[in-house]
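Please look at the charged side chains of the model shown here, and consider which of them pair with one another. The paragraphs below take up some of these pairs in turn.

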Amino acid sequence: MNPAREAFLGALHDDGVSDPRVLDAMARIPRDRFVEPHFEARAYDNLPLPIDCDQTISQPSVVGLMTQELDVGRGMKVLEVGAGSGYQTAILATLARRVYALERHGALVGKARARLDALGLSNVVLEHGDGSEGWPRHAPFDRILVAAAAEDPPRPLLDQLRVGGVMILPVGEEGTLQQLIKVTRGVDGYTYDELSSVRFVPLLHGFG
Ligand code: SAH
């Protein structure tokens, strides 16, 4: 492995990503293919970077921590809202049975799909759509990961989580510090745990 990628895994570990399955997935997926050519030299820095449509590819340690908290098993069906560059989608696809991913900017969808296809990740269904409504046709989901902040967990996403399922999402207003939360659906309702402070782009309604 080249020194930049070795340092990358070290930085993830230092930031609390300790699940070997997550570290292994992040070692295998080449982040340099998911950033714009102009930023390729920085692909293995632990930083968010600008992508098209005024969005960002998330910080790698945040991707790692969210994936770790999600605790994705081999047989699971996962919904991802806000696929952006497709990087988090690729990590999820190496861990899950199938990933259903939605992104509201059509220009991002085309690029992300080409990158996922080039890596041979055939267990991803990525479409242009408003993920705040979830994806009723494929529900219920074992796991849901949301990469954009809503003020509260969207009702359709809560409804589409399987009993026993887990959803990780940032909540809070744009420009303020948001909280990353973990929602677990039990037989009698939902439990909410706060994980950490984060900063994400807002979850918007409709298409971009
Ligand atoms: N994990 C992605 C993060 C992209 S940023 C990556 O690392 O590349 C979050 C993305 O959420 C943006 O691309 C934004 O367009 C998208 N988004 C915001 N609201 C959305 C919605 N309602 N439905 C689908 N995608 C949404």
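What follows is a walk through several salt bridges and the exposure of the residues that form them.

The model is predicted, and it holds ten salt bridges. A convenient place to begin is Arg21, which forms a salt bridge with Asp19, the closest N and O atoms lying 3.3 Å apart. Arg21 also forms a salt bridge with Asp71, where the closest N and O atoms are 3.1 Å apart. This pair of Arg21 and Asp71 links distant parts of the chain, since Arg21 belongs to helix H2 (residues 20-28) while Asp71 sits in the loop between helix H3 (60-70) and strand S3 (77-81), 50 residues apart.

The surroundings of these three residues can be read from their relative accessibility. Asp19 has a value of 15% and therefore counts as buried, the cut-off being under 20%. Arg21, by contrast, is partly exposed at 38%, and Asp71 is likewise partly exposed at 42%.

A further salt bridge joins the side chains of Glu36 and Lys111, with an N to O distance of 3.0 Å. Here too the pair links distant parts of the chain: Glu36 is in the loop between H2 and strand S1 (49-50), Lys111 is in helix H5 (residues 106-118), and the two are 75 residues apart. Glu36 counts as buried, with 16% relative accessibility, whereas Lys111 is partly exposed, with a relative accessible area of 30%. Both residues also take part in a network of salt bridges that links Glu36, Asp52, Lys111 and Arg115.

Terms used: Residues numbered from 1 in each chain as written. Predicted model: local features only at pLDDT ≥ 70, side-chain atom pairs only at ≥ 80, totals over all residues. Heavy atoms only, no water. Salt bridge = Lys/Arg side-chain N within 4 Å of Asp/Glu carboxyl O. Buried < 20%, exposed > 50% of the residue type's maximum accessible area, 1.4 Å probe, protein only. Helix = DSSP H or I, 4+ residues; strand = E, 2+ residues; numbered from the N terminus.
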